[in-house]
Amino acid sequence: ITALSAQGPSALARPNTANASGVALTIGGYTNTGSAIAAFCCSSTPSCSSGFTALAGAPGHWDLDGSKASGQEAWTLEAGPDGVRDVYCWLRDDAGAMSEVKHIQVLLDTQPPGEPTVPFNNCTSAATGNATLSASVEELGTHIGICCSSDPDFQADCAGRVMWVQGAEQGGSGGLLGVDSRREFLVNCSLDLPAFGTPTEEGFSIDVNIFLVDSAGNVAFYMTPLEVDTTPPTGTLVVNGGAAKTNSSQLALAITAADGHGVARMCVTEDKAACGAASTWRPFEAAIQHPVAPRYADGANQTVYVYLQDRCGVRTPQPLSASIVLDDRAPTARVMVKGSGSSQSYCSSKSDITVSVEATDGGPGPMSLCVSSSGSVQTCVWRTIGSGHAHASQDWRLASVGWNDIFVFLADEPDGQGNLAKCQCFMLLDSTSPTGGLLTLSLIH
């Protein structure tokens, strides 16, 4: 057998799909034994239980050409609920030789397409030209067809222009799906608004007839109002809570958006001209993480742009925007520790000393300083010392006789925030006078 397929009773049905149990089987085959094909047998099981029917007396129409035969036979699918049916067929020649079995599966689906799981959009941005309606539909079959029309006699209008789409499988592992499985279809149809012959200014609304047909030829009809909308969304954009700078590789974007029909999509970019391609658009989210672009160096001002698009397809003509300085370098510092009673910078005869800092940072904000006897920043008491190039000094008391650790922490933002630099110094506290006898020096002339 070279060909075997089933056709349902609906003229809109696709092969091997039917909305009723009565189908037409198309069978084709040939023999190379020198004999002629003489009979056929079809069954719902892998065995020819009903016996062979001679082609000469078959009720269907057969074309016989010696070793070749093709024909159509009426067939009744196995009774039961909607789902997949098996059909097995054989051919036999006049010498009694029987072909190998040919097996197909036929989907019996008697239910029309259901309500869209995502409704058709009820607005369009196209005051002129074509408007596109989109929806999501779940269906048992492998395909679904759609047509939209403004014609009151829309069934006739759609007869020759149904657009078929394949569905994304939501169950099963390929081929026809069982009755409990569904495929999801994203369906679209276009309307030529000027063909309505009515003004299509902002707020104008028309009724659109939607014709849905599934693989088996079941038909569903819907009507939805379609409103013309030319007003773009509005919104705001805040980066990192409004901070002036950041040392993170990720930016936290907070986006607000408002539109009478709802905001559906957005495009986030550092290039205002990059949102033309459909791949750059994404579903709208009020809060997202956005990576810092690799081309931005330390100290650079990064501007982020966000375009919005409402459910009708209207986009903001100018993007929302916000900027932030990228600063991932810690300040630099020169630290001087001065004791008392000694000419050496690392010695002091008294516990009270002075710590002087000369700090430099390229960021915009003021720096903060902490002097501590601990190496942990957690014990710091911070003070602001200025921005850019700043000088600061702080009185400090050495804790004990001997060597004392002095830690200087410098941050490029107030209160120890931002990038942090750490410097460790040492000071010897020696308050004990020298001991020993009197040393006499003689001068020799």
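A polar contact is a pair of N or O atoms within 3.5 Å, where, within protein, one must be able to donate a hydrogen and the other to accept it. The views below show a predicted model.

**View 1. The surroundings of Asp 229, a residue in the loop between strand S17 (219–228) and strand S18 (234–239).** The side chain of Asp 229 makes a polar contact with the side chain of His 261, at 3.3 Å, and the side chain of Asp 229 also reaches the backbone nitrogen of Thr 231 at 3.0 Å. Although Asp 229 is buried, this residue has no salt bridge; Arg 311, the nearest side chain of opposite charge, is 8.6 Å away.

**View 2. An open sheet of three strands, in the order S26-S28-S31 and with antiparallel pairing.** At the edges lie strand S26 (332–338) and strand S31 (389–397), each of which pairs on one side only. On average, and with direction ignored, neighbouring strands of this sheet are turned by 20 degrees against each other. Between S26 and strand S28 (residues 352–360), the antiparallel pairing runs over seven bridges, and Lys 338 stands opposite Thr 354 in S28.

**View 3. Arg 329 in the loop between strand S25 (320–326) and S26.** Is Arg 329 buried or exposed? Arg 329 has a relative accessible area of 57%, and because a residue counts as exposed when this value is over 50%, Arg 329 is exposed. Although Arg 329 and Asp 361 are 32 residues apart along the chain, their C-alpha atoms are separated by 8.4 Å.

Note on methods
Residues are numbered from 1 along each chain as its sequence is written. This is a predicted model: local features need pLDDT of at least 70, side-chain atom pairs count only at pLDDT 80 or more; totals for chains, interfaces and linings use all residues. Side-chain values use heavy atoms; hydrogens and water are left out. Helices (H or I, at least four residues) and strands (E, at least two) are DSSP runs, numbered from the N terminus. Buried means under 20% relative accessible area, exposed over 50%, partly exposed in between (1.4 Å probe, protein chains only). Lys and Arg count as positive and Asp and Glu as negative; His and the chain ends are not counted. A salt bridge is a side-chain nitrogen of Lys or Arg within 4 Å of a carboxyl oxygen of Asp or Glu. Two strands pair if DSSP finds at least two bridges between them. Axes are lines fitted to C-alpha atoms, for helices over the stretch in contact, and angles run from 0 to 180 degrees between N-to-C directions.
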